[in-house]
Amino acid sequence: MNIHEYQAKALFVKHGIPVPKGGIAFTPEEAVRLAKDLDAQIYVIKAQIHAGGRGKGGGVKVAKSIDEVRYEAEKMLNMNLITKQTKPEGQRVKCIYVEESSNIARELYISLLVDRATSRIAVIASSEGGVDIEELAEKKPEKILTVSIDPAIGMAQHYARRIAFVLGFRGKQVNFMIEFLARLYDFFTSFNVLLLEINPLIENIAGDIVALDAKIDFDDSALYRHQEIATMRDEDEEDPIEVKANKYGLNYVKLNGSIGCMVNGAGLAMATMDIIKLYGGEPANFLDVGGGATKEQIAAAFKLILSDKNVKGIMINIFGGIMRCDLIAEGIVTAARKINLHVPLVIRLDGTNVENGKQILSNSGMKIISADTLEEAASKIVKAVREFT
């Protein structure tokens with residue numbers, strides 16, 4: 001689960017991680033009041049959406065007076081901000097963050113993330129912040145340091161010192177950075193964070209270290225431990241189909257293709273999407289209904305797939321282990337009848353009660369294309385979609 005910058009900075013403040021003074025505004029009047037309370041010379045106005053690249057899209061502006069704060073707030077609020085990470089139509093800006101400007105001496109980059117290759121937390125640091133880190137990694141990989149943290153010792157001083165030296169800190173500033181990294185690591189582990197990114201992390205003219213930006217992604221599976229964090233969820237920033245799927249306990253991620261996928265098991269779902277692409281198709285979604293889905297969840301999953309207007313065909317690939325194939329078949333038939341299925345449907349079932357499941361599908365009177373193998377199912381759905389469109 002992602003949160004907004006203003007929410008991340010509020011959490012940082014509680015945990016002793018320095019950020020510029022600022023506040024959230026939902027109207028131009030609130031923005032003006034905030035600016036007056038800050039008593040600054042220059043202000044920074046930031047659109048609050050769950051996407052990077054806001055500055056390039058016009059979502060970050062500098063104001064040199066209260067009148068400019070009002071002007072920029074009026075322009076930015078309710079605009080559709082388009083960045084590389086938003087939908088083509090952009091994301092509506094519901095609120096803005098108004099903060100005091102910073103006297104920047106240097107811009108740096110720091111992030112912590114869960115490295116699945118090492119099963120450890122990795123720290124990624126660079127002395128060049130405020131840029132696209134992906135582009136920097138491609139063009140100047142030597143500028144990026146990655147440190148894998150041993151969970152048995154945590155953010156030990158030798159890790160922190162190495163990172164501080166690479167970032168160009170010397171003298172007493174090294175000690176400041178050691179404390180800063182210790183607090184970041186404690187925050188990361190305490191709240192079950194998957195990604196924490198500060199770009200840029202700055203050193204100001206006074207020599208202080210300040211988080212000028214903040215992006216945090218929490219582990220959804222651990223939110224039950226952190227009710228304070230769970231209440232920060234902004235469903236308007238998420239795909240509406242993904243929001244509905246979450247409420248049904250389904251793992252759904254929208255993609256850009258035309259073939260809807262329903263599979264039980266993340267590994268099988270990945271294999272299904274791969275083989276669809278191998279046969280020349282493009283998956284419209286990742287949908288894992290899980291190993292113990294109910295008939296009602298299957299029906300809900302089917303409706304979710306069809307609610308995507310880009311879906312021109314559906315491939316269902318179910319292996320019945322804990323989940324019985326006959327229950328899967330009943331859920332599919334129930335949902336398809338309610339929705340009035342209008343696109344090709346290919347189903348491959350195998351495992352527990354598979355013959356009963358196939359019989360239910362056969363007796364449904366629906367136009368279902370059956371397949372016995374994964375390869376057969378993929379080739380049939382790609383062919384059917386091409387003929388349908």
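User: What makes the largest nonpolar core a core, and how many residues does it have?

Analyst: In this predicted model, the largest nonpolar core has 46 residues. A set like this must be made of buried residues of nonpolar kinds, joined through side-chain atoms within 4.5 Å. F12 and F218 have the most contacts inside it. The largest share, nine residues, comes from helix α6, residues 172–190.

User: Which residues is F218 in contact with, beyond its neighbours in sequence?

Analyst: Set aside the residues within four places of F218 in sequence. Then F218 is in contact with M1, I3, L11, F191, N192, V193, L194, L223 and I229. Contact here means heavy atoms within 4.5 Å.

User: Which residues does the second core include?

Analyst: The second core is separate and has 34 residues. Among them are M262, V289, C325 and L349.

User: M262 is also part of strand β14. Why is β14 called largely enclosed?

Analyst: Count its residues. Five of the five residues of β14, 259–263, are buried, so the strand is largely enclosed by the rest of the structure. Both faces are covered. I259, C261 and V263 are buried on one side, and G260 and M262 are buried on the other.

User: How do you know that β14 pairs with strand β16?

Analyst: Pairing needs at least two bridges between two strands. Five bridges join β14 to β16, residues 313–320, so the rule is met. The two strands run parallel. M262 stands opposite I316 in β16.

User: What makes strand β2 largely enclosed?

Analyst: The argument is again a count. In β2, residues 43–47, five of the five residues are buried, so this strand is largely enclosed by the rest of the structure. Y43, I45 and A47 point one way, while V44 and K46 point the other way. That fits a general pattern: in a regular strand the side chains alternate between the two faces of the sheet.

User: Which strands does β2 pair with, and in what sense?

Analyst: β2 pairs with β3, residues 60–63, in the antiparallel sense over four bridges. β2 also pairs with β6, residues 96–100, in the antiparallel sense, over five bridges. I45 has a bridge partner in each: K61 in β3 and V98 in β6.

User: Why is K46 called buried?

Analyst: Compare its value with the cut-off. Buried means under 20% relative accessible area. K46 has 6%, so K46 is buried. K46 is found in strand β2. Leaving out residues up to four places away in sequence, K46 touches, among others, E5, K9, R54 and E99.

User: Is R54 buried or exposed, and how do you know?

Analyst: R54 has a relative accessible area of 9%. That is under 20%, so R54 is buried. R54 lies in the loop between β2 and β3. Beyond residues up to four places away, R54 touches residues including E5, K46 and D213.

User: Where does UniProt place the feature "binding site"?

Analyst: The unreviewed UniProt entry places this feature at K46, G53, R54, G55, E99, S102 and E107.

User: What makes E5 and K9 a salt bridge?

Analyst: The rule asks for a side-chain nitrogen of Lys or Arg within 4 Å of a carboxyl oxygen of Asp or Glu. The side chains of E5 and K9 meet at 2.8 Å, N to O, so the pair qualifies. The two residues are four apart in helix α1, residues 5–14, so they are separated by about one helical turn. Both are buried.

User: Which residues are linked with E5 and K9 in a network of salt bridges?

Analyst: The network links E5, K9, K46, R54, E99 and D213. For the model, the count by this rule comes to 23 salt bridges.

User: Why are K277 and E282 called partly exposed?

Analyst: Partly exposed lies between the 20% and 50% cut-offs. K277 has a relative accessible area of 44%, so K277 fits. E282 has 40%, so E282 fits too. Their side chains meet in a salt bridge at 3.0 Å, N to O.

User: What does the salt bridge between E128 and K140 tie together?

Analyst: The side chains of E128 and K140 meet at 4.0 Å, N to O. E128 lies in the loop between β8 and α4, and K140 in the loop between α4 and β9, so the pair ties together parts that are twelve residues apart in sequence. E128, at 23% relative accessibility, counts as partly exposed. K140 is partly exposed as well, at 36%.

Technical notes. Residues are numbered from 1 along each chain as its sequence is written. This is a predicted model: local features need pLDDT of at least 70, side-chain atom pairs count only at pLDDT 80 or more; totals for chains, interfaces and linings use all residues. Side-chain values use heavy atoms; hydrogens and water are left out. Buried means under 20% relative accessible area, exposed over 50%, partly exposed in between (1.4 Å probe, protein chains only). UniProt positions are given in the numbering used here, feature names are shortened, and annotations may be inferred rather than shown by experiment.
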